[in-house]
Amino acid sequence: MPSRRGLLAAVLGLAAATTRAGADARPEGAFRSFIDGLRPDAAARGIAAETFNAAFRGVTAPDPGILARTRRQSEFVRPVWDYLVGTVSAGRIAKGSARAAALAGPLEAIERRSGVPGPVVLAIWGIESDFGASAGGIPTIRALATLAAAGHRGSLFRDELLAALTILQRGDVTPERMSGSWAGAMGQVQFLPSTYLAHAVDFDGDGRRDIWTSATDSLASIAAYLKDRGWDPALSWGYEVLLPGDFDLARYTGDLAAFAERGVRRADGHPLPPRGRASLFLPGGRGAPSFLITDNFEVIRGYNTSDSYALAVGHLADRLGGGPALAAAWPAAAGLDGPGLRALQTGLAATGYYDGPKDGRAGPKLREAVRRYQIGAGLPADGYATAALLAHVAGRGAPGP
């Protein structure tokens, strides 16, 4: 016969299990109610009940792993050169070159149709899914339903879930094959469903826009996205350049021809184009690799808003096109990490130079604010966020422009 202590432990254990079961049941019940609540909006979009039921067959609970990922916040920002080392590796260049040779015909046709160079399309494909080898295996419907039911980022994922149902209704893919990343980006190109509906292409003419298993549909879809965002076929994404020693960093935007007149030269020895505008980008400060970036750089950032991503796409595209490695060396020390960038954003906002989000992320808005501050303070205007700059902003504290 069990002891009184054993009986008490058993009762407490049963109570705890019951409490856990109740806690688990509540979110599952709310999840099912959320899915049922989608039916009227889905029907209004022309999604048949059969399609809806097939999409959610077996989707009975949110994915706890996805919810956990939404709560993970990176404490540090990787230096751009660390990102480039992993992204523009010798192995990826070799694999991309082999894929370029195997798909030379389709790539030429895609470039003629879109105006986007084949190496740029290949670079994005390589970074997003390792040239189709790693397209992600998380079921898209459950991922989006998990995020939408939790209200993550407002109504964004609810809208994306309805867009995914529209794709299923159109017959481009089955629910079983619709998969991708944890946040609902799909297939070899990592399109969200709304992006797929707006930009995906049926290149091979089989009646389906297949970004899950078709390399040519995937490549054509990437190119169509960039074209639709305004890719200028007359320009590259940018150029690594060498600056003269007396170059005035405060004059960091202008025509490419004007930069050439000021003594700026391409690092690979080729001349700068005679037309087009660009801005100077110094992701490691003066002395590190320097770039003139065009509007096409911002087109790439539409795919992923990270400066490091856009630079990696551009440089990988250059390497796949036969271009050289970067000529200049990166600095030994990194710039500010995430908390440091947030502190800098806060300090620049207090002085009137910055009005963007205080999210600890470097980008064009913060870069512009840093440059304007540096110009106002009489500092070299390289736009590079460093600990010394943060200390200068903290010590100044006076209103800006």
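Strand 6 (residues 277–281) and strand 7 run antiparallel and are joined by three bridges. Helices (H or I, at least four residues) and strands (E, at least two) are DSSP runs numbered from the N terminus, and two strands pair if DSSP finds at least two bridges between them. The model is predicted: local features need pLDDT of at least 70, side-chain atom pairs count only at pLDDT 80 or more, and totals for chains, interfaces and linings use all residues. Residues are numbered from 1 along each chain as its sequence is written, and side-chain values use heavy atoms, with hydrogens and water left out.

**The sheet**

Strands 6 and 7 belong to an open sheet of five strands, ordered 4-6-7-3-5 with antiparallel pairing. Strand 4 (253–255) and strand 5 (265–266) are the edge strands, each pairing on one side only. Strand 4 is joined to strand 6 by three bridges, and the two run antiparallel. On the other side of strand 7, as the strand order shows, strand 3 (residues 238–242) pairs with strand 7 in the antiparallel sense over four bridges.

Individual bridge partners are listed below.

| Residue | Bridge partner | Strand of the partner |
|---|---|---|
| T253 | S279 | strand 6 |
| D255 | R277 | strand 6 |
| S279 | I293 | strand 7 |
| F281 | F291 | strand 7 |
| Y239 | L292 | strand 7 |

S279 thus appears twice, as the partner of T253 and as a residue whose own partner in strand 7 is I293.

Strand 7 (residues 290–293) is covered on both faces. S290 and L292 on one side are buried, as are F291 and I293 on the other. Here buried means under 20% relative accessible area, exposed means over 50%, and partly exposed lies in between (1.4 Å probe, protein chains only). Among these buried residues, L292 is the bridge partner of Y239, and F291 is that of F281.

**Helix 6**

Helix 6 (residues 90–102) has 13 residues, which at 1.5 Å a residue should span 18 Å; its end C-alpha atoms are 19 Å apart, which agrees. The expected span is 1.5 Å times one less than the number of residues. The buried residues of helix 6 are R92, I93 and G96. Seen down the helix axis, these buried residues fall within an arc of 100 degrees, so they line one face of the helix; the arc is that of the directions from the helix axis to the C-beta atoms. They pack against helix 5 (80–87), helix 8 (118–129) and helix 15 (307–320), where contact means heavy atoms within 4.5 Å. On the other side of helix 6, A90, A101 and A102 are exposed.

**Residues with positive phi**

Most residues other than glycine have a negative phi. F131, which is not a glycine, has a positive phi of about 60 degrees. F131 lies in the loop between helix 8 and strand 1 (138–139) and is buried, with a relative accessible area of 4%. Q190, also a residue other than glycine, has a positive phi near 55 degrees. Q190 lies in the loop between strand 2 (179–180) and helix 11 (193–199) and is buried, with a relative accessible area of 18%.
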